[in-house]
Amino acid sequence: MFVRCCRNKLNQSAYFIQRFSSTLVVAEHDNQKLIPVTLNAITAANQIGGDVTCLVAGTQCAKVAEECSQIQGVKKVLLADNEAFKGFLPESVSPVVLAAQKQFNFSHIIAGSSAISKNLIPRVAAKLDVSPISDITGVKDPDTFIRLIYAGNAVQTLKSLDSLKLITVRSTAFEAAESGGNGTTENAPEVSISNTLSEFVSQELSKSDRPDLASARSVISGGRGMKNGENFQLLYDLAEKMNAAVGASRAAVDAGYVPNDLQVGQTGKIVAPDLYIAVGISGAIQHLAGMKDSKVIVAINKDPEAPIFQVADYGIVMDLFKAIPEMTSLLDKK
Ligand SMILES: Cc1cc2nc3c(=O)[nH]c(=O)nc-3n(C[C@H](O)[C@H](O)[C@H](O)COP(=O)(O)OP(=O)(O)OC[C@H]3O[C@@H](n4cnc5c(N)ncnc54)[C@H](O)[C@@H]3O)c2cc1C
């Protein structure tokens, strides 16, 4: 009897936690469609429990609000359509996040980890005087989160006592939320935006027919062993055959072989594809921090002692200038 009584109490408190959690997910998009990190952030919000609201702030972005309302778990979408949100400058977007918080008193504000959220969330946190919790990889309960520290060498379980939690979510650690929801859309609270600190001038996006590095199912990355930028053509040729994205180590980026949006690692992109092929990369911890959650890791390196072999599922000890053309020609024969 006693046990049953306690259980009931536990169930009740779980019920109340569930009921009182309410999360605002700041949606990232290009005014046409959602950017995948938002779907991972919605999954994290669903794991926290309670109502999930999404904020879609942009310019002529009603289509995105509609897409967002159809994601599983999204109860409501707040749409803030304004010319002032061009370029998604944090100085312009943060007032609408703050106004939404004032009106709805969310328990959590969440965004996917990205260049935009790294700019926005600390600004909102400073205005609200709470500590942001960055790059979580798991949700234990509405107050307790998992994140990696020391370049992924230690796992931290963090319990926050703040009544509002501001969180960014490591996208590779959460599945993308699927469509199939039926949320409502309403206008976000009106705010006057007078951003005198920054101005959006233009943006130049590198265009590529290859899959996006952060969400590709297969990634082939080259390191300093590639020797120069021209040799990366070997990786592009192989990537084309495999419909893979191409990445790089920081050494390859710093040497100017490839642009820095290809960098994988602690200070680059975090990827977790089904297949990661590291070519001429030694396996420094800062590189591993960005790819060691990949499902299958293949390393091609002429040095059998290279640390990358310690995390690799398959290792090829070979000169890459021999191995890569052979792999490409074998795929040609298929
Ligand atoms: C704060 C900080 C942040 C950092 N962030 C990142 C990050 O985000 N991403 C990152 O990658 N690094 C990062 N680094 C740098 C990192 O420490 C390493 O210096 C870097 O990853 C090394 O790159 P690499 O493996 O390409 O080069 P190297 O360590 O020089 O390795 C080259 C490898 O190529 C092999 N090789 C050479 N020729 C051939 C050939 N012909 N065939 C086959 N194999 C060959 C060699 O045996 C060697 O193992 C960071 C460092 C610091 C301090």
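**View 1. Polar contacts hold the stage around the ligand in this predicted model.** Look at arginine 250. One of its polar backbone atoms lies 2.9 Å from an oxygen atom of the ligand. Threonine 267 contributes an N or O atom of its side chain, 2.6 Å from a nitrogen atom of the ligand. At asparagine 301, an N or O atom in the side chain is 2.8 Å from an oxygen atom of the ligand. On its own, the ligand has 980 Å² of accessible area, and the protein covers 77% of that.

**View 2. The ligand has 26 residues around it.** Five of them come nearest: Arg224, Ser249, Thr267, Ser282 and Asn301. Two of these names return from the first view. Thr267 places a side-chain N or O atom 2.6 Å from a ligand nitrogen. Asn301 does so at 2.8 Å from a ligand oxygen.

**View 3. Nine strands form an open sheet.** Their order is S7-S6-S5-S8-S4-S1-S2-S3-S9, and the pairing is mixed. Strand S7 (154-159) and strand S9 (184-187) are the edges, each pairing on one side only. From one strand to the next, the twist averages 35 degrees.

**View 4. Strands S4 and S8 pair in the parallel sense.** S4 covers residues 108-112, and S8 covers residues 165-169. Five bridges join the two. In one of them, alanine 111 has threonine 168 of S8 as its bridge partner.

**View 5. Helix H5 lies across four strands of the model.** The helix spans residues 115-128. The strands beneath this title are S1 (22-26), S4, S5 (132-141) and S8. Relative to S8, helix H5 runs at about 170 degrees.

Definitions and conventions. Residues are numbered from 1 along each chain as its sequence is written. This is a predicted model: local features need pLDDT of at least 70, side-chain atom pairs count only at pLDDT 80 or more; totals for chains, interfaces and linings use all residues. Side-chain values use heavy atoms; hydrogens and water are left out. Two strands pair if DSSP finds at least two bridges between them. Axes are lines fitted to C-alpha atoms, for helices over the stretch in contact, and angles run from 0 to 180 degrees between N-to-C directions. Contact means heavy atoms within 4.5 Å. A residue is near a molecule or strand if one of its heavy atoms lies within 4 Å of it. A polar contact is a pair of N or O atoms within 3.5 Å; within protein, one must be able to donate a hydrogen and the other to accept it, and residues adjacent in sequence count only if both atoms are side-chain atoms. Accessible areas come from the Shrake-Rupley method with a 1.4 Å probe; for residues, only the protein chains shown count as cover.
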